[in-house]
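Q: I have a model open and would like to go through it with you piece by piece. Could we start with the terms and then move to the details?

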Amino acid sequence: MSDDTIRIGIVGAGANTRARHIPLLQRISGVRLMAVCNRRPESTRRVAQEFGIPLTFERWEELVSSPEVDAVVIGTWPYLHCAVTVAALEAGKHVLCEARMAMNAAEAHRMLEASRAHPDLVAQVVPAPMSLRVDPTVRRLLDEGYLGELLVANVRGVTGAFVDPEVPLHWRQDIRLSGLNALTMGIWHEILMRWVGNASRVLARRRVFVPERTDPETGLRRVVCVPDHIDIIADLECGAQATYQFSSVLGLGGGSGIALYGTEGTLVFDGDNDRLLGGRRGDQELAEIPIAPEEEGRWRVEEEFIGAIRGEVPVRLTTFEDGVAYMEFTEAVARSAEQGRAIRLPLEE
């Protein structure tokens, strides 16, 4: 396909799709944005006009089956990710799926099975973006033994905002649209997996502090099932222990990031300021670790997707296998909180 135009269809041109995927795909030679389908016809027409997309569809099934489309970019809320992905792969289309990968682990496994049934097609999940700049440096330092033996990992994904019961229901708080991957749990765990591997056992507690919110589309009050706060203790496959905290209610409660503590050193990723800090035995305090220009990572999702379709590069960020791993983690957290016990990974069912 390297000599052919790759024709892209968009199912769900949300904010991230309009800000990143569409303009960055349009910059790649030999790529054409061919079709779009949003939830509402008027929204579909606006996006088509804004970006010069020639074909519009009222139903995503029609776009996926169109012979004018070679690859499908899925920018919908998670409730449609599995259905559109499986249908697209079965129709012979490559797939780039927005994170969160799916509603739950079962859907993620169905997506993975569909991709394995069509190994000639590219299946990619949009990666967690926060650490891309520092990822290569972190991995190099870990390979060089900067930490010694990893003992403890601390992961935080918090807003620092005070709870506000009057804020309307967001799609991420609507379990019918978002599934089990609450708050920023999945994307921060994905980053930890890139660095040190997955968890093997999790124990979690969670709370919903605002049990009802107003649905902005209907004006009605809705029960909220997605937690406002989650605490997790986990064993990692590498032998270390991890703690996680995800929250939208910790007013002035600090920032988001990951800290790795080893026998010989400490690495801290300050996610709010995109900085990497470190210190080793004998140091008095942490110091910022400069990121060399030649080692600096960057967002290259669209390049990687098209490069994989053309057979130039494999998908690295994020494979469906990695997506299943973080979806199993988020489901294990939900099961642990509901059942009041530790859950082992990978899930047995």
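A: Let me begin with one term: a polar contact here is a pair of N or O atoms within 3.5 Å, where, within protein, one must be able to donate a hydrogen and the other to accept it. Please also keep in mind that this is a predicted model.

Q: Fine, so which backbone nitrogen lies 2.9 Å from a polar atom of the Ser256 side chain?

A: That is the backbone nitrogen of Val158, and Ser256 itself is found in the loop between strand 12 (241-247) and strand 13 (257-262).

Q: Is Ser256 buried or exposed there?

A: Ser256 counts as buried, because its relative accessibility is 11% and the cut-off for buried is under 20%.

Q: What else is Ser256 in contact with, leaving aside its neighbours within four places in sequence?

A: Besides Val158, the contacts of Ser256 include Arg156, Gly157, Trp188, Phe269 and Asp270, once those sequence neighbours are set aside.

Q: Trp188 and Phe269 are both aromatic, so how are the two rings arranged, and how many aromatic pairs are there in the whole structure?

A: A search of the whole structure finds five aromatic pairs. Trp188 and Phe269 form one that is tilted, with 6.3 Å from centre to centre and 50° between the planes. The pair links distant parts of the chain, since Trp188 belongs to helix 8 (residues 185-196) and Phe269 to strand 14 (residues 265-270), 81 residues apart.

Q: Which residues make up the ring cluster, and are Trp188 and Phe269 buried or exposed?

A: Ring pairs link Trp188, Trp195 and Phe269 into a cluster. Trp188 is buried with a relative accessible area of 4%, and Phe269 counts as buried at 2%.

Q: What does strand 14 pair with?

A: Strand 14 pairs with strand 13 in the antiparallel sense, over five bridges, and Thr266 in strand 14 is the bridge partner of Tyr261.

Q: And what is the strand order of the sheet they are in?

A: Nine strands form an open sheet with mixed pairing, in the order 16-15-14-13-7-12-11-8-17. Strand 16 (287-288) and strand 17 (343-344) stand at the edges with a single partner strand each, so one side of each is left without a neighbour in the sheet.

Q: Changing topic, what is around strand 4?

A: Strand 4 runs parallel to strand 1 (residues 6-11), to which four bridges join it, and Ile10 has Val73 as its bridge partner in strand 4. Strand 4 is also joined to strand 5 (residues 94-97) by four bridges, again in parallel, with Ala71 opposite His94. Together with helix 4 (residues 81-90), strands 4 and 5 make a right-handed β-α-β unit.

Q: Which way do the strand 4 side chains point?

A: In a regular strand the side chains alternate between the two faces of the sheet. In strand 4 (residues 71-74), Ala71 and Val73 point one way while Val72 and Ile74 point the other way, and all are buried.

Q: Last one: where do charged residues sit over rings, and what is Leu132 in contact with?

A: Arg20 lies over the face of Trp299, at 4.0 Å from the ring centre, and the charged end of Arg280 sits over the ring of Tyr146, 5.3 Å from its centre. Trp299 is also one of the residues in contact with Leu132, and Arg194, Gly297 and Leu317 are among the others. The C-alpha atoms of Leu132 and Gly297 are separated by 5.2 Å, although the two residues are 165 residues apart along the chain.

Terms used: Residues numbered from 1 in each chain as written. Predicted model: local features only at pLDDT ≥ 70, side-chain atom pairs only at ≥ 80, totals over all residues. Heavy atoms only, no water. Buried < 20%, exposed > 50% of the residue type's maximum accessible area, 1.4 Å probe, protein only. Helix = DSSP H or I, 4+ residues; strand = E, 2+ residues; numbered from the N terminus. Pairing = 2+ DSSP bridges. Right-handed = clockwise from strand over helix to strand, strands pointing away. Phe/Tyr/Trp six-rings, centres within 6.5 Å; stacked < 30°, edge-to-face > 60°. Lys NZ or Arg CZ within 6 Å of the ring centre and 35° of its normal. Contact = heavy atoms within 4.5 Å.
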